[in-house]
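Let's hunt for empty space in a protein, one exercise at a time. Have a look at the model first, then work through the tasks.

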Amino acid sequence: MILNGLLRAPKTLLCFAPLLALTPPLLASEDVPHRPYAQWADLPQHGQLVVGFVYEESEAYHIWAQRDYHDITVKSGGESYGIDINQGYLAFQYGITEKWAADLNVGATTGAWRQFDTNQSAQSTTGLMDWSFGVRYQLYNETNTGSPWTPTLTFRAGAVMPGSYDQHFVFAPGLRSTAIEPELLLRKHFGWTGFGVYGDALYRWNRTTGNDQYMTVIGLFQQIKGWELAAGYRHLQTVSGGDIAYDPNNPADIVYPRDVREISDSIEAGFSYTTSKRHFRYAFNSRTVFDGSNTDRKFWVGGSIDIPFSLFTPHRQSD
């Protein structure tokens, strides 16, 4: 099913286009649009607009209610059904100056399951994703500092606005909460050519639901000509909120609090290729949750393409 989703990605994004056109200038699991592998540490060139098209989908056949692990697979017609999420979004970045950039990420999502319905019939919710925007300031760039130990380090001041899906839908594709999120992103080459480390840390004040979250990511990457391979570990923790109450003998009576206290540990891995002439960036990403509390064991896959446009050439003063 996931492979078929990737093959359908361009068509899916086109289907989301009418919803995107209506977008103004995520009871739920965390799912704010966010680019992996600390990509936001690097900024677009001054005067450059980067337009990204992202498609992602996930499947989960197990959940943790607090720390108790449950199988929520429903078998019907020879198929297995769990918790499914499909989403597509547009990711814009603009280089304001050499040190400053802005980003906007907006799209549509759908979530579905059968296990929590009395008759195990398919139930779903569809709407705009929680959408995010932010400004980034690059504190250091490893290519133009005097120290070989200085990384590329970028601070992002971001905000999240609620989407339009059903917020009371169990395991909805997002919190549907207004939020503020300061974030630090790091990328650093060391060792042999093209090898490096990345890191990402953010704190999210969820103003609507009150269940604040923090996320930390650390990983390694290897660049070979236009290719980049990356893999890392991600930890998400909600610092307060309620617990899921679930009885496998009576799935339809699941209690899923609006301010669920979700905790998850996952591994992310993927690769990208950037063309030499137009600098189009094609990417594949995957992430799997291997442990957690009050969350589902998602396996994510997705594809993206980023296309840069030079809106103008900055004037440089002559010496």
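Three exercises on this predicted model follow, each with a worked solution.

**Exercise 1.** Find the volume of the largest pocket, and say which residues are closest to its centre.

*Solution.* Start with the volume: the largest pocket comes to about 1,400 Å³. Next, go to the centre, where Asp42, Leu43, Pro44, Gln45 and Gln48 are the closest of the 36 lining residues. Now check the elements: those giving two or more residues to this lining include strand E1 (48–65) and strand E10 (179–189). Finally, sort the lining of the largest pocket by type, and you get eight nonpolar, 17 polar and 11 charged residues.

**Exercise 2.** Decide whether Val32 is buried or exposed.

*Solution.* First, place the residue: Val32 sits in the loop between helix H2 (9–21) and E1. Then take its relative accessibility, which is 10%. Buried means under 20%, so Val32 counts as buried. As an extra step, look across to Arg176: it's 144 residues away along the chain, yet the two C-alpha atoms are 9.3 Å apart.

**Exercise 3.** Work out which element gives the largest share of the lining of the second largest cavity.

*Solution.* Begin with the cavity itself, which has a volume of about 80 Å³. Its lining includes Glu30, Arg234, Asp296 and Trp300. E13, E15 and E16 each bring at least two residues to that lining. Of these, E16 takes the largest share, with four residues. To finish, split the lining of the second largest cavity by type: three nonpolar, two polar and six charged.

Definitions and conventions. Residues numbered from 1 in each chain as written. Predicted model: local features only at pLDDT ≥ 70, side-chain atom pairs only at ≥ 80, totals over all residues. Heavy atoms only, no water. 1 Å grid on protein atoms, 1.4 Å probe; cavity = no way out; pocket = protein on both sides within 12 Å on 5 of 7 lines; lining within 4 Å. Points joined across faces, edges and corners; volume = space filled by probe spheres on them. Nonpolar A, V, L, I, M, F, W, Y, C, P; charged D, E, K, R; others polar. Buried < 20%, exposed > 50% of the residue type's maximum accessible area, 1.4 Å probe, protein only.
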